[in-house]
Amino acid sequence: MNRTIITASTMLSLALFSNVVTADEYRNGHRVALEGDPNIGYPQVCIRINRKANRIPLLETYQQFQHDYPDDNIVQLLERMVQWADSGAVGHTWVDLFYKDDEGKVQFDGYGFGSDGNQASREFSFQKCVHIEDKNYQQIKQDIAEKEEALYVESKEIAKLFLGIGKDWNGGKYTLYGNCAWFAGNLFNFIVPKDENVNFAQAFDWGTVVPKWYPLSKYKDLPDPGYIAESISRTVNGAGWHDNEGSGYGKLTGDTFITADENGLLSGPRNISDYYPELGEDANFISAGYYSESQDKMHFFTYNLKQDKEIIVTPYSSDVTFKNIDQKFVAAFHHPNDDNIGMVVTENGHILLTDTWEDTGNKALEAYAGDITAASNYFENGKILILLRPDGEQYDDYQSDGIRFIKYDVEQDKVLTEPALAEHLTGFDFFKQQ
């Protein structure tokens, strides 16, 4: 989805207050599964989202509100954003419990926050279902009830830090932070084994939108249905390639990553700090990166920090350098003929050289702007693998497709292939969706 389209959808979302809006810029609910995932057994807990796999651009949205309502103070702006977030225009995420009754018929219970529409018949785009093997459904229901009450209490404490701005809902307080993604993400992660947890909050420095004396300025993340969709669909948000080893890595949501070669997945998901311990919490803010074999250094680029930066780090070491940057990059790779020079992709599909920060003038990737999430040099020398988020216009009633890729020749400025599904490559069924 183009960033310009996102901005347009933000302005359309503002029209909610005059009852004129189309909400499909964010949402892509297109399928129903009344029995969860029948391939994994019962009872099972599913987290579901009706969003495209594309996180909310909160900073840009806040700036748009500032532009459209220049006389509003921070409290008034946050009030408008809560109305916008709770309108349904930006999607919803919820949890469904599926189980078999005494007659063997599949039943369900739905749980959510800020919306009553948490039934199994609600259309969704992505889901993650986990079979709970060590408890029966009555025990799971009891655990859910206890966790719900705890979350309602916590939501009211969060609301205090957000100046009390929010909406009372079912004993809790819905806020810009304590929203449906916060509730469903916490509830799902509480019920399922730890190794099945999902990342439900995108990295976001609240200090970019509020003064530092506000308590919420210390928050470093934002629960977001679109980010859960990225997490479940295994959207890759950064990549790099080691020529000498013939393998590469892909950074997933949060601070996890996988490694792969031309034959498929090698390892992961693992914590990226195992390889780059000096990244610290900045690992969550990485939006692009590339590896230089000759330097033996990884170049990472952050976004959504009050001061974004390029982080240059040697694997397995404390050798790290920080450089300030003032632009968002969605992907990066090294120059095909000189890995001392990085090439970074902007949100509009332009490519800049990192030694001069000049625009190369390449235009072929503009057609994929908004869908690009990562790029990497790889085993086809001189070619670049461009990774794309899942198709945001899916319509199949029974399944969802995952991430896609294209191949790109940077010197010819030519896209060589049509978008293809990563899960169809031998050894990459890791990317197949439930």
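**Exercise 1.** Leaving aside neighbours within four places in sequence, with which residues is Gly-238 in contact?

*Solution.* The model is a predicted one, in which local features need pLDDT of at least 70, side-chain atom pairs count only at pLDDT 80 or more, and totals for chains, interfaces and linings use all residues. Residues are numbered from 1 along each chain as its sequence is written, and side-chain values use heavy atoms, with hydrogens and water left out.

Step 1. Contact means heavy atoms within 4.5 Å. Once the neighbours within four places in sequence are set aside, Gly-238 is in contact with Tyr-249, Gly-250, Lys-251, Thr-373 and Ala-374.

Step 2. Gly-238 belongs to strand β9 (residues 238-242). Helices (H or I, at least four residues) and strands (E, at least two) are DSSP runs, numbered from the N terminus.

Step 3. The relative accessibility of Gly-238 is 1%, so the residue counts as buried. The classes are buried for under 20% relative accessible area, exposed for over 50%, and partly exposed in between (1.4 Å probe, protein chains only).

Step 4. Gly-238 and Phe-301 are 63 residues apart along the chain, and their C-alpha atoms are separated by 9.3 Å.

**Exercise 2.** Determine which cysteines form a disulfide, and explain why Cys-180 has no bonding partner.

*Solution.* Step 1. In chemical terms, a disulfide is a covalent bond between the sulfur atoms of two cysteines. The geometric criterion is a pair of cysteine sulfur atoms within 2.5 Å, and by this rule the count is one disulfide.

Step 2. Cys-46 and Cys-129 are joined, at an S to S distance of 2.1 Å. Distant parts of the chain are thereby linked: Cys-46 is in strand β1 (residues 44-49) and Cys-129 in strand β4 (residues 126-131), 83 residues apart.

Step 3. The angle about the S-S bond is 110°, and the link of Cys-46 and Cys-129 is right-handed.

Step 4. Cys-46 is buried, with a relative accessible area of 0%, and Cys-129 also counts as buried, at 5%.

Step 5. For Cys-180, the closest cysteine sulfur is that of Cys-46, 17 Å away, which is too far for a bond. Cys-180 counts as buried, at 4% relative accessibility.

**Exercise 3.** Describe how helix α2 packs with helix α3.

*Solution.* Step 1. Axes are lines fitted to C-alpha atoms, for helices over the stretch in contact, and angles run from 0 to 180 degrees between N-to-C directions. For α2 (residues 58-68) and α3 (residues 74-86), the angle is about 120° and the axes are 10 Å apart.

Step 2. This angle makes α2 oblique to α3. Angles under 35 degrees count as roughly parallel, over 145 as roughly antiparallel, 65 to 115 as roughly perpendicular and the rest as oblique.

Step 3. The crossing of α2 past α3 is right-handed. A crossing is right-handed if the near helix is turned clockwise from the far one by less than a right angle, and left-handed if anticlockwise.

Step 4. On the α2 side the contact is made by Leu-58, Thr-61, Tyr-62, Phe-65 and Gln-66, and on the α3 side by Ile-74, Leu-77, Leu-78, Arg-80, Met-81 and Trp-84.

Step 5. Sorted by class, the contact of α2 with α3 has eight nonpolar, two polar and one charged residues. Here Ala, Val, Leu, Ile, Met, Phe, Trp, Tyr, Cys and Pro count as nonpolar, Asp, Glu, Lys and Arg as charged, and the others, Gly among them, as polar.

**Exercise 4.** Carry out the corresponding analysis for α4 and α5.

*Solution.* Step 1. The axes of α4 and helix α5 (residues 180-191) come within 10 Å and cross at roughly 140°. The two helices, α4 and α5, are therefore oblique to each other.

Step 2. α4 passes α5 in a right-handed crossing. Among the α4 residues that meet α5 are Ile-140, Ile-144 and Leu-151, and the α5 residues include Trp-182, Phe-183 and Phe-190.

Step 3. The class count for the contact of α4 with α5 is ten nonpolar, two polar and four charged residues.

**Exercise 5.** Locate the cis peptide bonds of Pro-43 and Pro-269, and the positive phi angles of Asn-170 and Asp-296.

*Solution.* Step 1. Tyr-42 and Pro-43 are joined by a cis peptide bond with omega about 0°; Pro-43 is in the loop between α1 (3-14) and β1.

Step 2. From Gly-268 to Pro-269 the peptide bond is cis, with omega near -5°, and Pro-269 is in strand β12 (residues 264-271).

Step 3. Asn-170 has phi near 50°. Asn-170 is in the loop between β5 (167-169) and β6 (172-174) and is exposed, at 52% relative accessible area.

Step 4. Asp-296 likewise has phi near 50°. Asp-296 is in the loop between β13 (286-292) and β14 (297-302) and is partly exposed, at 36%.
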